[in-house]
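Open the model in your viewer and keep the selection panel at hand. The tour below goes stop by stop.

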Amino acid sequence: MSTVELMLWGVLPYVVLVLFVGGALWRYRYDQFGWTTRSSQLQESRLLRIGSPLFHFGLLVVIVGHAVGLVVPREWTRAAGVSDAAYHAVALGLGAVAGLCTLAGVALLVWRRRTTGPVFSATTANDKVMYLVLVLAIVAGLATTLVSTAAEFTGAHEPDYRTTVSVWWRSIWVLSPDVPAMAASGAAFKVHALVGMALFALFPFTRLVHAFSAPWFYLFRPYVVYRSRDGRTGPAVRATRRGWS
Amino acid sequence: MAIGRVMAQVAMVMNLDKCIGCHTCSVTCKQAWTNRSGVEYAWFNNVETRPGQGYPRRYEDQERWKGGWVRTRSGRLKLRAGGRLKKLATLFANPVMPSVHDYYEPWTYDYGHLITAPLGDDIPVARPRSLLTGEPMQVSWSANWDDDLAGGPELASQDPVVQRVGDKVRFEFEQTFMFYLPRICEHCLNPSCVASCPSGAMYKRVEDGIVLVDQDKCRGWRMCVTGCPYKKVYFNHKTGKAEKCTLCYPRIEVGMPTICSETCVGRLRYLGVVLYDVERVGPAAAVEDEKDLYGSQLGVFLDPDDPEVQEAARRDGIPEAWLESARRSPVYALIARHRIALPLHPEYRTLPMVWYIPPLSPVVDAVGAAGHDGEDVHNLFGAIDALRIPVEYLAELFTAGDPGPVEHSLRTLAAVRSYMRRINLGQERDESIAREAGTTGARVEELYRLLALAKYDDRYVIPTAYGVDDADRGVIEEIGCSLDFESGPGMGGMGPAHGRAPAPPFGEASGRPDPASVETFHALRTRQSSDAPADRADLKGRVNLLNWDGNGRPEGLFPPRGEER
Ligand code: HEM
Ligand code: SF4
Ligand code: SF4
């Protein structure tokens, strides 16, 4: 275990974690006014209506995929009777499709941003850095899928991420980072993990914070909101139905 | 009927006959609220010529824009653009968001060119430049592009209201009629903008019914823009937050009228308190027949002279001053006692609270043009019956197509005209004129005082906010000097969002928002000292006199003195 490995996989994750959580809390307190999607749909709608859902829905699947891949140990799926081959076929197939949607979506969004005059004028330096890291993370992620798929077909000797990356990831949360596990993974995975950490470190300081505010609460609140002048939320003055009814 | 929970609303009535289409209201409103970048295209108050397309273009076409509520077959109300699940599913890209071009692309002029152009035979011109991109542009539409062009076949045939009245409307020159329709947010009793906001950042104030956007809670999901059928929520493309008419609440709270009312040249706006029963709002908005919505909304309002209403209002914590104000409210009088003010597009089912007295002038003009006496009640009544097109058009605007209430309103206005003419000519009062319009002489004279004399104190009857002392009436709360906030100009800084101090970390629109007064201060200052939309460095320090308000001596107004050079 070299010093570099220790720094990258043993120390850096915690630095990122502090930045991610601390940064988000700090910004939430300091910058409510800047906490928005900064939607550009007023300026351009046609491309956004294709690109944004493609990107976001693709990303949601990717996020779920990451959660399953990182959280569930290989032993559990085996115990549940899912063969490794079947697991990989599904994971790689779904991952590739979702990843490609995400990439196509983000490509369209970036192209739109660059070529639509009003949207380009409304793009800050902060946005540009965020897009760079975001696109790199997606591309590196797809590269890992590609490498793993190739390994499936050629039988090449690629370390399975479920015995390397995932083990390391879970070890972070119990405060004893398994540095050798991560060090044993493939180059593509290492790059993806590094860029991913960069994205998480940046996250709270960009427009991406809008993801924290996903308004699921809309389903449960009365339609018309009343508030009193001195800031107290008014009593629910009108009987209302819940959202699913 | 039992009285449910009583709430108060500060509401407005506009008397359309008096609007001269001068746009003073729009300009003063803009100066006060939207002279910032990000909302250049937004007019919280706009004045449209009718027939015409309005602003944003064809906003009344709800088949397309999906604003407001619809009644489901089971009798419930549903947002026309879709319920909660659909809203969340389409959050990533709003399927029916108007683009800035449906309003118009805001622009400025390249004034700098006038002084920098090289010597030549041609007179230099200031060409338009887009305020969105800074590029030269062709101006092709604006907030009142069809001003005064009502009846022009190309434009008026695109008016959604005209299209509903049907092909009966021929825009032949002799038959045209025209009037102005000033519009602000309706501060609806059943606001679909509020219902559309996924974050819950929009709200209706309990005390005075003003509908506001909490700038700190808005997350830029931009669903409210679609939700409002009047298209009176605007998306600030700079800050990424929704903004809308605030009914000038800092003024209303201290008993002053809104800026648009205060500066209205025609003195046609009325402000006052209306009491209503919140529990009746939902059922009233859900009546089956659209034509009943006018009546059902009247049924939501409570008569402030009724002792039972007063008792219920006290029970629900309405202060005595507000009750008194409600009794004297010109708005309640015009809406409910005289029934001459009507709601704009009740069929959107939002129960709007800015009502309109329909214009008699198209009728009077037609009678006059035919060579008859335009103040004779029978001529006017005859014309109201004969001029189907203006009446039907007005009915499509104000009563979902039911001509009855519009006719009643016009006949009452006609009666006021004829009845008062006799008095002015020294003749006897003729009670029969009032009777023919279904009213009495005393009521006609009351209307005359309210509509024709229209004294300031009769037009605006506004109580101060709960808990604000009446001694503060007319004093807008300033927290010390409004420029003296942390790192503000009064404290030696330039304010966070203005370039000279370090920029805020997450782009221009982040950090604490500047108070509006500070933004205005800087906007004027920057505009005075720059000619180009994109602040050209070579022109720094020059003064653009077009933006100089005549106060002070802006830097660079005069060339530097000898020793400073
Ligand atoms: C469920 C959570 C999320 C919701 C509801 C959401 C919603 C939105 C909305 C409404 C916009 C504005 C689109 C527009 O009108 O211009 C947007 C933009 C964007 N979102 Fe999300 N988002 C979510 C999660 C995420 C996540 C997790 C990421 C990335 C890590 C992300 C990345 C972006 C980016 C890059 C844009 C800018 C698109 C552009 O205008 O170029 N979002 N999102
Ligand atoms: S008119 Fe005003 S209160 Fe009514 S829906 Fe539109 S923005 Fe909301
Ligand atoms: S200021 Fe008054 S008269 Fe002039 S356009 Fe506005 S509402 Fe009409």
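## Around ligand 2

Start with ligand 2 in this predicted model. Select its surroundings in chain B: Cys185(B), Glu186(B), His187(B), Cys188(B), Pro191(B), Ser192(B), Cys193(B), Val211(B), Cys228(B), Tyr230(B), Val233(B) and Lys244(B). Colour this shell by class. Eight of its residues are nonpolar, two are polar and two are charged.

## Around ligand 3

Move to ligand 3. It has 14 residues around it, and those that come nearest are Cys19(B), Cys22(B), His23(B), Cys25(B) and Cys264(B). Colour by class again. The shell around ligand 3 holds nine nonpolar residues, four polar ones and one charged residue.

## The iron of ligand 1

Now go to ligand 1 and centre on its iron atom. Which protein atoms coordinate the iron atom of ligand 1? They are NE2 of His56(A) and NE2 of His210(A), at 1.9 to 2.0 Å. The pair links distant parts of the chain, with the two positions 154 residues apart. His56(A) sits in helix H2 (residues 46–71) of chain A. His210(A) lies in the loop between helix H9 (187–202) and strand E1 (226–227) of chain A. Are these histidines buried or exposed? Both His56(A) and His210(A) are buried.

Check the geometry next. Why is the arrangement around the iron atom octahedral? Because the six donor atoms subtend angles of 86 to 178 degrees at the iron atom of ligand 1.

## Trp9(A) in helix H1

Stay in chain A and select Trp9(A), in helix H1 (residues 3–30). Its relative accessibility is 2%, so Trp9(A) counts as buried. Show what Trp9(A) touches, leaving out residues up to four places away in sequence: Trp168(A), Pro177(A), Val179(A), Met182(A), Ala183(A), Lys190(A), Ala193(A), Leu194(A) and Met197(A). Then draw a distance from Trp9(A) to Leu202(A). These two are 193 residues apart along the chain, and their C-alpha atoms are separated by 18 Å.

## Where A meets B

Colour the model by chain. How many residues of chain A are in contact with chain B? There are 54, and they contact 73 residues of chain B. The two chains bury about 5,400 Å² between them, with 59% of it on carbon and sulfur atoms. On the chain A side, pick out Phe33(A), Leu42(A) and Arg229(A). These three lose the most area to chain B, together 18% of what the chain A side buries.

## Chain B as a whole

Hide chain A and switch to a cartoon. Chain B has 24 helices and 15 strands. Of its 565 residues, 55% are buried. Among contacts in chain B with a separation of 6 or more, 70% join residues 24 or more positions apart.

## Helix H19 of chain B

Zoom in on helix H19 (residues 388–398) of chain B. This helix is mostly covered, with eight of its 11 residues buried. Select the buried set: Pro390(B), Val391(B), Tyr393(B), Leu394(B), Ala395(B), Glu396(B), Leu397(B) and Phe398(B). Then step past the end of the helix. H19(B) is followed by Ala400(B), where phi is positive, near 55 degrees.

## Last stop: Leu149(B)

Finish at Leu149(B), in the loop between strand E6 (128–130) and helix H6 (153–156) of chain B. At 44% relative accessibility, Leu149(B) counts as partly exposed. Beyond its neighbours within four places in sequence, Leu149(B) contacts Thr49(B) and Leu155(B). For a final distance, pick the C-alpha atoms of Leu149(B) and Val278(B). They are separated by 41 Å, with the residues 129 apart along the chain.

Definitions and conventions: Residues numbered from 1 in each chain as written. Chains lettered and ligands numbered in written order. Predicted model: local features only at pLDDT ≥ 70, side-chain atom pairs only at ≥ 80, totals over all residues. Heavy atoms only, no water. Donors = N, O, S within 2.8 Å, 3.2 Å for Na, K, Ca; no water. Tetrahedral: all angles 85-135°; square planar, octahedral: opposite > 155°, others 65-115°. Helix = DSSP H or I, 4+ residues; strand = E, 2+ residues; numbered from the N terminus. Buried < 20%, exposed > 50% of the residue type's maximum accessible area, 1.4 Å probe, protein only. Near = heavy atom within 4 Å. Nonpolar A, V, L, I, M, F, W, Y, C, P; charged D, E, K, R; others polar. Contact = heavy atoms within 4.5 Å. Buried area = accessible area lost by both parts, 1.4 Å probe.
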